[in-house]
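Got a minute to look at a model together? Let's ask how each label follows from its number.

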Amino acid sequence: MSVPLWFFIACLAVIGVKTLRPPLWLVVVLLVGGYLAANSLLAPFADPFLK
(Lines give C-alpha, C1' and ligand atoms only; values in the text may rest on other atoms or scores of the structure.)
Protein backbone atom coordinates (compact mmCIF):
# COMPACT_ATOMS: atom_id res chain seq x y z
CA MET A 1 0.00 0.00 0.00
CA SER A 2 1.37 3.39 -1.00
CA VAL A 3 0.55 6.45 1.10
CA PRO A 4 1.02 9.98 -0.28
CA LEU A 5 3.64 12.05 1.54
CA TRP A 6 1.23 14.92 2.23
CA PHE A 7 -1.21 12.52 3.93
CA PHE A 8 1.55 11.03 6.08
CA ILE A 9 2.75 14.48 7.17
CA ALA A 10 -0.83 15.57 7.92
CA CYS A 11 -1.35 12.49 10.11
CA LEU A 12 1.88 13.16 11.99
CA ALA A 13 0.84 16.78 12.51
CA VAL A 14 -2.55 15.78 13.91
CA ILE A 15 -0.99 13.23 16.26
CA GLY A 16 1.67 15.74 17.35
CA VAL A 17 -0.88 18.46 18.10
CA LYS A 18 -3.09 16.06 20.05
CA THR A 19 -0.14 14.64 21.99
CA LEU A 20 1.92 17.75 22.74
CA ARG A 21 -0.98 20.25 22.96
CA PRO A 22 0.93 23.32 21.73
CA PRO A 23 -0.87 26.67 21.84
CA LEU A 24 -2.95 27.43 18.75
CA TRP A 25 -1.05 30.64 18.04
CA LEU A 26 2.23 28.68 17.82
CA VAL A 27 0.75 26.27 15.28
CA VAL A 28 -0.57 29.17 13.20
CA VAL A 29 2.75 31.04 13.35
CA LEU A 30 4.69 27.96 12.22
CA LEU A 31 2.30 27.28 9.34
CA VAL A 32 2.22 30.88 8.11
CA GLY A 33 5.97 31.29 8.61
CA GLY A 34 6.70 28.13 6.65
CA TYR A 35 4.40 29.21 3.85
CA LEU A 36 5.99 32.66 3.64
CA ALA A 37 9.54 31.25 3.77
CA ALA A 38 8.75 28.80 0.97
CA ASN A 39 7.55 31.62 -1.27
CA SER A 40 10.31 34.08 -0.40
CA LEU A 41 13.68 34.87 -1.93
CA LEU A 42 15.30 32.57 0.66
CA ALA A 43 13.70 29.44 -0.77
CA PRO A 44 16.38 28.77 -3.45
CA PHE A 45 19.11 29.03 -0.80
CA ALA A 46 17.37 26.61 1.58
CA ASP A 47 16.55 24.09 -1.16
CA PRO A 48 19.98 22.35 -1.29
CA PHE A 49 19.95 21.83 2.49
CA LEU A 50 16.46 20.32 2.48
CA LYS A 51 17.11 17.82 -0.30
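Here are some short questions and answers about this predicted model.

Q: What makes up the fold, going along the sequence?
A: The pattern reads α-α-α, with three helices and zero strands.

Q: Why is the protein called more spread out than a compact globule?
A: For 51 residues the globule rule gives 10 Å, and the radius of gyration is 14 Å, well over that, so the label follows. The C-alpha atoms fill a box of roughly 35 × 35 × 15 Å along the principal axes.

Q: What share of the residues is buried?
A: Buried residues come to 0% of the 51; the cut-off for that label is under 20% relative accessible area. The accessible surface is about 5000 Å², and carbon and sulfur atoms hold 79% of it.

Q: How do you know that the span of helix 1 agrees with its residue count?
A: Helix 1 runs over residues 5-20, so its 16 residues at 1.5 Å each should span 22 Å, and the end C-alpha atoms are indeed 22 Å apart. Just after helix 1 comes R21, with a positive phi of about 50 degrees.

Q: How many aromatic pairs turn up in a search of the whole structure?
A: The search gives one.

Q: Why is the pair of W6 and F7 called edge-to-face?
A: Ring centres within 6.5 Å count as a pair, and planes over 60 degrees apart count as edge-to-face. For W6 and F7 the centres are 5.9 Å apart and the planes meet at 80 degrees, so edge-to-face it is.

Q: Why is W6 called exposed and F7 partly exposed?
A: Exposed needs over 50%, and W6 has a relative accessible area of 64%, so it qualifies. F7 has 41%, which lies between the 20% and 50% cut-offs, so partly exposed is the label.

Notes
Residues numbered from 1 in each chain as written. Predicted model: local features only at pLDDT ≥ 70, side-chain atom pairs only at ≥ 80, totals over all residues. Heavy atoms only, no water. Helix = DSSP H or I, 4+ residues; strand = E, 2+ residues; numbered from the N terminus. Rg over C-alpha atoms; globule rule 2.2 N^0.38 Å. Buried < 20%, exposed > 50% of the residue type's maximum accessible area, 1.4 Å probe, protein only. Areas by Shrake-Rupley, 256 points an atom, 1.4 Å probe, with all protein chains shown as cover. Expected span 1.5 Å × (residues − 1). Phe/Tyr/Trp six-rings, centres within 6.5 Å; stacked < 30°, edge-to-face > 60°.
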